[in-house]
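Subject: Structure handover and findings

Hello,

Here is the structure I said I would pass on. My notes follow it, grouped by topic.

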Amino acid sequence: MQDIINNITSSALFGVTLSIFAYVFGVMANKKLKTPIANPVLIADIIIVTILLALNIPYENYAVGGSFIELFLAPVTAALAVKIHAQIKELKANWLPLIIGTAVGSLASILCVLFMCRLFGFSDTLTVSLFPKSVTTAIAIPISESHGGVSAITVISLMFTGMLGAMFSPVLIKLFRIKNPVAAGTAIGTSSHALGTTKALELGDVEGAMSGIAIGMAGLITTVYSIFTVSYTHLRAHETTLHL
């Protein structure tokens, strides 16, 4: 029986079909429950993981089809340029706050990772893997791998961060009474990349456009920050070794 399951699931069609149906079910559940916690991507992930574990299906089998869906990640991210171009006047009028907000937000993200990793005694490898948690996948993985991080850990942290942004960004915006759509969009894009931006697009055109441009800017800024941060971390580790 297991051999039959392996033969069926090793096809690329299995991964693609399972992903589509799981996400469609997630969207339906989100519309029905009408709560931020019922995020379509989160629901789809739970369904996929449950099916893989229940039927003892190797992740490698699912990944054959899942990799095809991954190919659309870059084009979808690039498609945000359409929204950005439609809000070019807002972008020109708020370019300085956008740059400052993205720079501060990216720095806060890295400092939080450093603080928490030092607090819990995580290794340098794990710390570096978590550095780009708020950056889009296309930029985060090269940042992680170039500094000796583990890409699998980076991907998990990306999904977790993006999911939190998509689920709770509307709640936080209301909680802190953020009325400016440029500020809201910049915060979402800087902190929770493409997944968060899907929620920003639902909030409004300006929020979606600012969140989209913040994704790219946060990626560039985080790349620069990571170079200095990793260099500093390695220097401290070397000094500690010498003292010992």
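The model is a predicted one. I start with helix α9. The side of α9 facing away from its buried residues holds Ala-138 and Ser-146, both exposed. The buried residues of α9, which spans residues 137-146, are Ala-140, Ile-143 and Ser-144. Looking down the helix axis, these buried residues stay within an arc of 95 degrees, so they line one face of α9. The general background is that an α-helix has 3.6 residues a turn, so residues three or four places apart point the same way. After α9 comes Gly-148, with a positive phi near 90 degrees.

Two other positive phi values belong to residues that are not glycine. For context, most residues other than glycine have a negative phi. Asn-56 has a phi of about 55 degrees and sits in the loop between α3 and α4 (59-70). With a relative accessible area of 53%, Asn-56 is exposed, because the cut-off for exposed is over 50%. His-193 has a positive phi near 40 degrees, but its place is in helix α11. His-193 counts as buried, at 6% relative accessibility.

Another residue of α11 (residues 181-203) is Lys-199. Is Lys-199 buried or exposed? Its relative accessibility is 17%, and buried means under 20%, so Lys-199 counts as buried. Apart from neighbours within four places in sequence, Lys-199 is in contact with Ala-166, Ser-169 and Pro-170.

Next, the cores. The largest nonpolar core has nine residues: Ile-5, Phe-14, Leu-18, Ala-22, Ala-44, Ile-48, Leu-52, Ile-57 and Tyr-62. The elements giving two or more residues to this core are α2 (12-33) and α3 (40-54). Within the core, Leu-52 touches Phe-14, Ile-57 and Tyr-62, with residues up to four places away in sequence not counted. There is also a second, separate core of eight residues, among them Leu-98, Val-206, Ala-209 and Met-210.

On to the empty space, beginning with the second largest pocket. Its volume is about 250 Å³. The lining of this pocket consists of 13 residues, and those nearest its centre are Ser-109, Lys-133, Ser-134, Thr-161 and Ser-191. Which elements supply at least two residues each of this lining? They are α7 (95-119), α10 (151-175) and α11. The largest share, five residues, comes from α10. By class, the pocket lining has eight polar, four nonpolar and one charged residues.

As for enclosed space, searching the whole structure gives one cavity of 30 Å³ or more. The largest cavity has a volume of about 30 Å³. Its lining is made of Ser-106, Ser-109, Ile-110, Phe-131, Pro-132, Lys-133, Ser-134, Val-135, Thr-190 and Thr-222. With three residues, α7 gives the most to the cavity lining. That lining divides into five polar, four nonpolar and one charged residues. Ser-109, Lys-133 and Ser-134 line the largest cavity and also lie among the residues nearest the centre of the second largest pocket.

Regards

Notes. Residues numbered from 1 in each chain as written. Predicted model: local features only at pLDDT ≥ 70, side-chain atom pairs only at ≥ 80, totals over all residues. Heavy atoms only, no water. Core = buried A, V, L, I, M, F, W, Y, C linked by side-chain atoms within 4.5 Å. Buried < 20%, exposed > 50% of the residue type's maximum accessible area, 1.4 Å probe, protein only. Helix = DSSP H or I, 4+ residues; strand = E, 2+ residues; numbered from the N terminus. Contact = heavy atoms within 4.5 Å. 1 Å grid on protein atoms, 1.4 Å probe; cavity = no way out; pocket = protein on both sides within 12 Å on 5 of 7 lines; lining within 4 Å. Points joined across faces, edges and corners; volume = space filled by probe spheres on them. Nonpolar A, V, L, I, M, F, W, Y, C, P; charged D, E, K, R; others polar. Arc of directions from axis to C-beta.
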